[in-house]
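Colleague: Hi! Could you show me the model and walk me through it?
Modeller: Happy to, here it comes.

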Amino acid sequence: MCYVRGEMTTIQEATKNAIAFAQEVLGPDRTKGLQLEEVESVSQDAKDVWRITLSVSSRDEPLNDLAAALGAFRRRDYKTFTVAKDTG
């Protein structure tokens, strides 16, 4: 599927919008280590949208020094954002 720029929101624009919204709502501490996980093109309620999944480190599991030294990773929380293709 190809869209003419200016008529539809691109994947890049939609992703930037989702990241900006996540940072605004969740705050800087919560969005440290924010990662893009997946972008899907779907239809929702008869409207074309981008479904963007981002992940952040979980606050529930503190990582101690030993675990960090051994290369352990925190569990991640996943957040999915829906961005309308026609308005961004």
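Colleague: Which residues make the nonpolar surface patch?
Modeller: Phe21, Val25 and Leu26 make that patch, which covers about 260 Å². Keep in mind that this is a predicted model.

Colleague: Where is Phe21 found, and is Phe21 buried or exposed, or partly exposed?
Modeller: Phe21 is found in helix α1. Its relative accessible area is 45%, so Phe21 is classed as partly exposed.

Colleague: And what is in the largest nonpolar core?
Modeller: That core has eight residues: Ala14, Ala18, Ala22, Trp50, Ile52, Leu54, Phe81 and Val83. Two or more of these residues come from each of α1, β2 and β3, the last being residues 76-84.

Colleague: Let me pick Leu54. What does Leu54 touch?
Modeller: Leaving aside residues up to four places away in sequence, the contacts of Leu54 include Ala18, Ile19 and Ala22. Leu34, Gln35, Leu36 and Glu37 are also among them, and so are Asp77, Tyr78, Lys79 and Phe81.

Colleague: Asp77 caught my eye. Which side chain meets Asp77 in a salt bridge?
Modeller: Arg30 does, with 2.9 Å from N to O. The pair links distant parts of the chain, 47 residues apart: Asp77 sits in strand β3 and Arg30 in the loop between α1 and β1.

Colleague: Why do you count Asp77 and Arg30 as buried?
Modeller: The cut-off for buried is under 20% relative accessible area. Asp77 counts as buried because its relative accessibility is 14%, and Arg30 is buried because its value is 11%.

Colleague: How many salt bridges are there in the whole structure?
Modeller: A search of the whole structure finds two. Besides the one between Asp77 and Arg30, there is a salt bridge of Asp86 with Lys47, whose closest N and O atoms are 3.8 Å apart. This pair also links distant parts of the chain, with Asp86 in the segment after β3 and Lys47 in strand β2, 39 residues apart.

Colleague: And how exposed are Asp86 and Lys47?
Modeller: Asp86 is partly exposed at 45% relative accessibility. Lys47 is partly exposed as well, at 37%.

Colleague: Back to the loop that holds Arg30 for a moment. What about Thr31?
Modeller: Thr31 is placed in the loop between α1, residues 11-26, and β1. With 9% relative accessibility, Thr31 counts as buried. Apart from residues up to four places away in sequence, Thr31 touches Ala22, Gln23, Leu26 and Val56. Leu26 is also part of the nonpolar surface patch, and Ala22 belongs to the largest nonpolar core.

Colleague: Change of topic: how do β1 and β2 run, and how many bridges join them?
Modeller: They run antiparallel, and nine bridges join β1 (residues 35-44) to β2 (residues 47-57). One of the partnerships is Val39 with Ile52 in β2. Ile52 is among the residues of the largest nonpolar core too.

Colleague: What sits between those two strands?
Modeller: β1 and β2 form a hairpin with two residues between them. Asp45 lies in this loop, and Ala46 is found there too.

Colleague: What is the phi of Asp45, and of Ala46?
Modeller: Asp45 has a phi near 55°, a positive value in a residue other than glycine. Ala46 also has a positive phi, about 65°, although it is not a glycine.

Colleague: Are Asp45 and Ala46 buried or exposed?
Modeller: Asp45 is exposed, with a relative accessible area of 74%. Ala46 is exposed at 83%.

Colleague: One more spot: where is Glu13, and how far is Glu13 from Val83?
Modeller: Glu13 is found in helix α1 and is partly exposed, with a relative accessible area of 28%. Glu13 and Val83 are 70 residues apart in sequence and 9.6 Å apart in space, C-alpha to C-alpha.

Colleague: Last one, the whole chain. What pattern does the protein chain follow?
Modeller: Read along the sequence, the pattern is α-β-β-α-β, with two helices and three strands. Of the 88 residues, 27% are buried. Among contacts between residues at least 6 apart in sequence, 55% join residues at least 24 apart. The chain exposes about 6,200 Å², and carbon and sulfur atoms supply 50% of it.

How values were computed. Residues numbered from 1 in each chain as written. Predicted model: local features only at pLDDT ≥ 70, side-chain atom pairs only at ≥ 80, totals over all residues. Heavy atoms only, no water. Pairing = 2+ DSSP bridges. Helix = DSSP H or I, 4+ residues; strand = E, 2+ residues; numbered from the N terminus. Buried < 20%, exposed > 50% of the residue type's maximum accessible area, 1.4 Å probe, protein only. Contact = heavy atoms within 4.5 Å. Core = buried A, V, L, I, M, F, W, Y, C linked by side-chain atoms within 4.5 Å. Patch = residues over 30% accessible without salt bridge, like charges linked within 9 Å, V, L, I, M, F, W, Y side chains within 5 Å. Areas by Shrake-Rupley, 256 points an atom, 1.4 Å probe, with all protein chains shown as cover. Salt bridge = Lys/Arg side-chain N within 4 Å of Asp/Glu carboxyl O.
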